[in-house]
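Grab your favourite viewer and a coffee. Here are some exercises to work through by hand, each followed by a worked solution.

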Amino acid sequence: MRVVLQCLYSESWLDIAKVVVPNIVGYARKHDYLWNIQCFKECPSDFGYEKFRQIKILFDSGEADVVVSLDCDLLITNYNKKIEDFLNDKHDFYITYGANTYNAGVFILKKSEWAYWFIEYILSKQGKPNMHCEQDAIIDYIKEFGTRDICIVPHPAFNSFDYTLYPE
């Protein structure tokens, strides 16, 4: 199984990327994963949709069977936990629910026929009313279709933070 860690960011995030990218690459090297780390010149407000375009490219090229999408404002804190530890045979998409909603800052997508359909669904939402980012599109999908193909990973498995530090 080819696992790819993906982190996309813009030049305006370069300072934080200098801390985060080595963390991601170190984790990937430890587990023999690949990585897709890209710096874009600009970051439009709906930049999150680019995550799914890049995942589709990785799937189409045969470079990845599983993609872990990581925002550039995180650190992997447990190098001993492998991506495979989160996967099961029933689900193709893995995301946490925290604070108030689903959090697309970290998610896992396994290559499958459903995953291709899901990517197209997410991308079809870009530019539509109230679809400011990929997280809005994911929430819209869940409202329309439910979570049958989605594994809701319990907080704090990934994308974890202490909610008491971030009151509403």
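The exercises below go through cores, single residues, backbone angles and a pocket, and they all rest on a predicted model.

**Exercise 1. Find which residues touch the most other members of the largest nonpolar core, and which elements build that core.**

Solution.
- Start with the membership: the largest nonpolar core has 28 residues, and F52, F93, L109, F118 and I138 touch the most other members.
- Next, sort by element. Two or more residues each come from α2 (49-61), β4 (93-98), β5 (101-110), α3 (113-124) and α4 (134-145).
- Then look for the main supplier: α3 gives the largest share, seven residues.
- Zoom in on one of the hubs. Skipping neighbours within four places in sequence, F93 is in contact with F107, I108, L109, W114, F118, I138, D149, I150 and C151.
- Finally, don't stop at one core. A second, separate core has 26 residues, including Y9, I76, F86 and L87.

**Exercise 2. Work out whether Y141 is buried or exposed, and what surrounds it.**

Solution.
- Place the residue: Y141 sits in helix α4.
- Check its accessibility. The relative accessible area of Y141 is 4%, and the cut-off for buried is under 20%, so Y141 is buried.
- List the partners, leaving out residues up to four places away in sequence: Y141 touches W114, W117, F118, Y121, G146, D149 and I150.
- Pick out the polar one: the side chains of Y141 and W114 make a polar contact at 3.3 Å.
- Add a backbone distance. Y121 is 20 residues from Y141 along the chain, and their C-alpha atoms are 7.8 Å apart.

**Exercise 3. Examine the phi angles of D32 and N130, and say where in the chain these residues are found.**

Solution.
- Recall the background: most residues other than glycine have a negative phi.
- Now read off D32. Its phi is near 60°, a positive value in a non-glycine residue.
- Do likewise for N130, where phi is near 65°, again positive in a residue other than glycine.
- Locate them. D32 is in the loop between α1 (14-31) and β2 (34-40), while N130 is in the loop between α3 and α4.
- Wrap up with accessibility, where exposed means over 50%: D32 has 71%, so D32 is exposed. N130 has 57%, so N130 is exposed too.

**Exercise 4. Compare the surroundings of K125 and Q126 and classify each by accessibility.**

Solution.
- Place both: K125 is in the loop between α3 and α4, and Q126 is found in the loop between α3 and α4 as well.
- Classify K125. Its relative accessibility is 18%, which falls under 20%, so K125 counts as buried despite being a lysine in a loop.
- Classify Q126. Its relative accessible area is 25%, between the 20% and 50% cut-offs, so Q126 is partly exposed.
- Compare contacts, ignoring residues up to four places away in sequence. K125 touches Y49, M131, A137 and D140, and Q126 is in contact with D46, Y49 and R53.
- Spot the shared partner: Y49 appears in both lists.
- Check one long-range pair: Q126 and D46 are 80 residues apart along the chain, yet their C-alpha atoms are separated by 7.4 Å.

**Exercise 5. Describe the second largest pocket: its volume, its lining and one of the residues close to its centre.**

Solution.
- Begin with the volume, which is about 360 Å³.
- Move to the lining. It has 20 residues, and W13, C43, F47, K51 and D71 are the closest to the centre.
- Ask which elements contribute: β1 (3-10), β5 and α4 each supply at least two lining residues.
- Sort the lining by chemistry, and you get nine nonpolar, six polar and five charged residues.
- Follow up on W13. This residue is in the loop between β1 and α1, and with 36% relative accessibility W13 counts as partly exposed.
- Close with its neighbours: beyond four places in sequence, W13 is in contact with C72 and D73.
- For contrast, take W13 and H31: they are 18 residues apart in sequence, with 26 Å between their C-alpha atoms.

Key. Residues are numbered from 1 along each chain as its sequence is written. This is a predicted model: local features need pLDDT of at least 70, side-chain atom pairs count only at pLDDT 80 or more; totals for chains, interfaces and linings use all residues. Side-chain values use heavy atoms; hydrogens and water are left out. A nonpolar core is a set of buried Ala, Val, Leu, Ile, Met, Phe, Trp, Tyr and Cys residues joined through side-chain atoms within 4.5 Å. Buried means under 20% relative accessible area, exposed over 50%, partly exposed in between (1.4 Å probe, protein chains only). Helices (H or I, at least four residues) and strands (E, at least two) are DSSP runs, numbered from the N terminus. Contact means heavy atoms within 4.5 Å. A polar contact is a pair of N or O atoms within 3.5 Å; within protein, one must be able to donate a hydrogen and the other to accept it, and residues adjacent in sequence count only if both atoms are side-chain atoms. On a 1 Å grid over the protein atoms alone, a cavity is a set of points where a 1.4 Å probe fits but cannot get out, and a pocket is an open set with protein on both sides within 12 Å along at least five of seven lines; lining residues have an atom within 4 Å of a point. Grid points are joined across faces, edges and corners, and a volume is the space filled by probe spheres set on the points. Ala, Val, Leu, Ile, Met, Phe, Trp, Tyr, Cys and Pro count as nonpolar, Asp, Glu, Lys and Arg as charged, and the others, Gly among them, as polar.
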